[in-house]
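Let's walk through this protein the way you might at the bench, with the model open on one screen. Have the sequence handy too.

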Amino acid sequence: MGSPENHLLPIILLLCCSSSAAFDLTNLIYKGCANQNLQNPIASENLKSLYTALVSQSSTTNFYKTTSGGNDQSTTSITGLYQCRSDLSNTDCNACVKKLPDTIQRVCNRDTIAARAQLVGCYMRYEVVGFQQVPATELLYKQCSSRQVSGSGFDERLEAALSLIPKGVSNGKGYYAGVYQLVYVLGQCEGDLGGGECVSCVKSAAEVGRNECQTSISGHIYLQQCYISYTYYPDGVPGAGDGGGGGVGGVETGVTEIEGNGDGGGGGRNNPQKAVAIVFGGLAALGLVLAFLLVLKSAFKKKKEHYSYGGY
């Protein structure tokens, strides 16, 4: 038999972490801003129309790309897209995308000719038609945890986990979330990137992760048209039912301006997508959960004699 709090703690932990992760979906990770501004008021109006079109589609699909201005060859036409993480519901996707126009206008010049903002749960980019593009595998942003893994065997474990991503995205959906020996990985390609190109892109991102992050407990690599992330939980994922408690690498999100043209790109073991979503919640969510549990445990101690455990 176990105490009531022991039965409730896994449920409460999962619910709290999930809601905190959703709350953090709109945190800014990085931005990319072009140096030039739109010179034609028609182009500015087309940009506003583009924002409206993208946001309106985000309640029904996690990826959408379009051009505003009619004539694709016009210097006033603006092409753009958004993409949400594929494990998000339509409601969460819409809530995330709604934040992007204001975010771009806040962190970039309101009328810049090309911009991109990457939030935890979604990103948006646009550019004037004809704006020079960078290759799909161009590195735009990386974040490696300052916490390093101690002990041997991590290289092999990480290698095996990262190798799951190219296999996972090859199913044509361009998205994969999975786990290998407590290393949780996620990879996603831009929605219109072909299957073979998607596989090549995430392989390039994984290679950057290996070389740049090395023994960091977590890494997040954003290329122009794909991204990957990994997080290792040496003591087990909190709330995942594996007896682990702490040891979370977390996500060290920050805001880094992309130099150059600024067109930046980019609950349990049986539910790796939920586990990966929890990772993006970060350490702040865990702190809130622990505080809540301490209060709950104190309340249970005061009323413990009133509970009947039955056959549990």
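What follows covers the two sheets, the helices that pack on them, the salt bridges and the disulfides.

## Before you start

Keep in mind that this is a predicted model. Everything below is computed from it.

## The sheet in the N-terminal stretch

Start with the open sheet of 5 strands that has the order β1-β4-β5-β3-β2, with antiparallel pairing. Its edge strands are β1 (28-33) and β2 (63-68), and each of these pairs on one side only. On average, neighbouring strands here are turned by 5° against each other, direction ignored.

For a close look at one pairing, go to β1 and β4 (residues 114-119): they run antiparallel and are joined by 5 bridges. Within that pair, G32 has R116 in β4 as its bridge partner. Two helices pack on this sheet. Helix α2 (residues 41-57) touches β2, β3 (78-84) and β5 (122-128), and its direction makes about 25° with that of β3. Helix α3 (residues 90-107) touches β1, β3, β4 and β5, with its direction at about 50° to that of β5.

## The other sheet

Further along the chain, 5 strands form an open sheet in the order β6-β9-β10-β8-β7, and the pairing is antiparallel. Here the edge strands are β6 (139-144) and β7 (175-180), each pairing on one side only. Neighbouring strands of this sheet are turned by 5° against each other on average, direction ignored.

The pairing to zoom in on is β8 (residues 183-189) with β10 (residues 226-232): 7 bridges join these antiparallel strands. Y184 stands opposite T231 in β10. As for helices, α4 (residues 154-162) lies across β7, β8 and β10 and runs at about 140° to β10. Helix α6 (residues 195-213) lies across β6, β8, β9 (218-223) and β10, running at about 135° to β9.

## Salt bridges

How many salt bridges are there? The count comes to 8. One of them joins the side chains of E45 and K48, at 3.5 Å from N to O. These two are 3 residues apart in helix α2, so about one helical turn separates them. E45 is partly exposed, with a relative accessible area of 45%, and K48 is exposed at 51%; the line for calling a residue exposed is over 50%.

Another salt bridge pairs D87 with R85, at 2.8 Å from N to O. Is R85 buried or exposed? At 2% relative accessibility, R85 counts as buried, whereas D87 is partly exposed at 22%. Then there is E159 with R210, at 2.6 Å from N to O. That pair links distant parts of the chain, since E159 sits in helix α4 and R210 in helix α6, 51 residues apart. E159 is partly exposed at 37% relative accessibility, and R210 is partly exposed too, at 24%. Finally, R125, E127 and E190 are joined into one network by salt bridges that share partners.

## Disulfides

Next, the cysteines. A disulfide is a covalent bond between the sulfur atoms of two cysteines. The whole structure has 6 disulfides. Counting bonded cysteines along the chain, they follow the pattern 1-5, 2-3, 4-6, 7-11, 8-9, 10-12.

One of them joins C33 to C108, with an S to S distance of 1.9 Å. The link is left-handed, with -70° about the S-S bond. C33 lies in strand β1 and C108 in the loop between α3 and β4, so this disulfide ties together parts that are 75 residues apart in sequence. C33 is buried at 8% relative accessibility, and C108 is buried with a relative accessible area of 8%.

Over by the other sheet, C144 and C213 form a disulfide with their sulfur atoms 2.1 Å apart. Their link is left-handed, with -70° about the S-S bond. C144 is in strand β6 and C213 in helix α6, so the pair ties together parts 69 residues apart in sequence. C213 counts as buried, at 3% relative accessibility. Last up is the disulfide from C189 to C198, S to S 2.0 Å. The torsion about its S-S bond is about 90°, so the disulfide of C189 and C198 is right-handed. Both of these cysteines, C189 and C198, are buried.

How values were computed. Residues numbered from 1 in each chain as written. Predicted model: local features only at pLDDT ≥ 70, side-chain atom pairs only at ≥ 80, totals over all residues. Heavy atoms only, no water. Pairing = 2+ DSSP bridges. Helix = DSSP H or I, 4+ residues; strand = E, 2+ residues; numbered from the N terminus. Axes fitted to C-alpha atoms, helices over the stretch in contact; angles between N-to-C directions. Contact = heavy atoms within 4.5 Å. Salt bridge = Lys/Arg side-chain N within 4 Å of Asp/Glu carboxyl O. Buried < 20%, exposed > 50% of the residue type's maximum accessible area, 1.4 Å probe, protein only. Disulfide = S-S within 2.5 Å.
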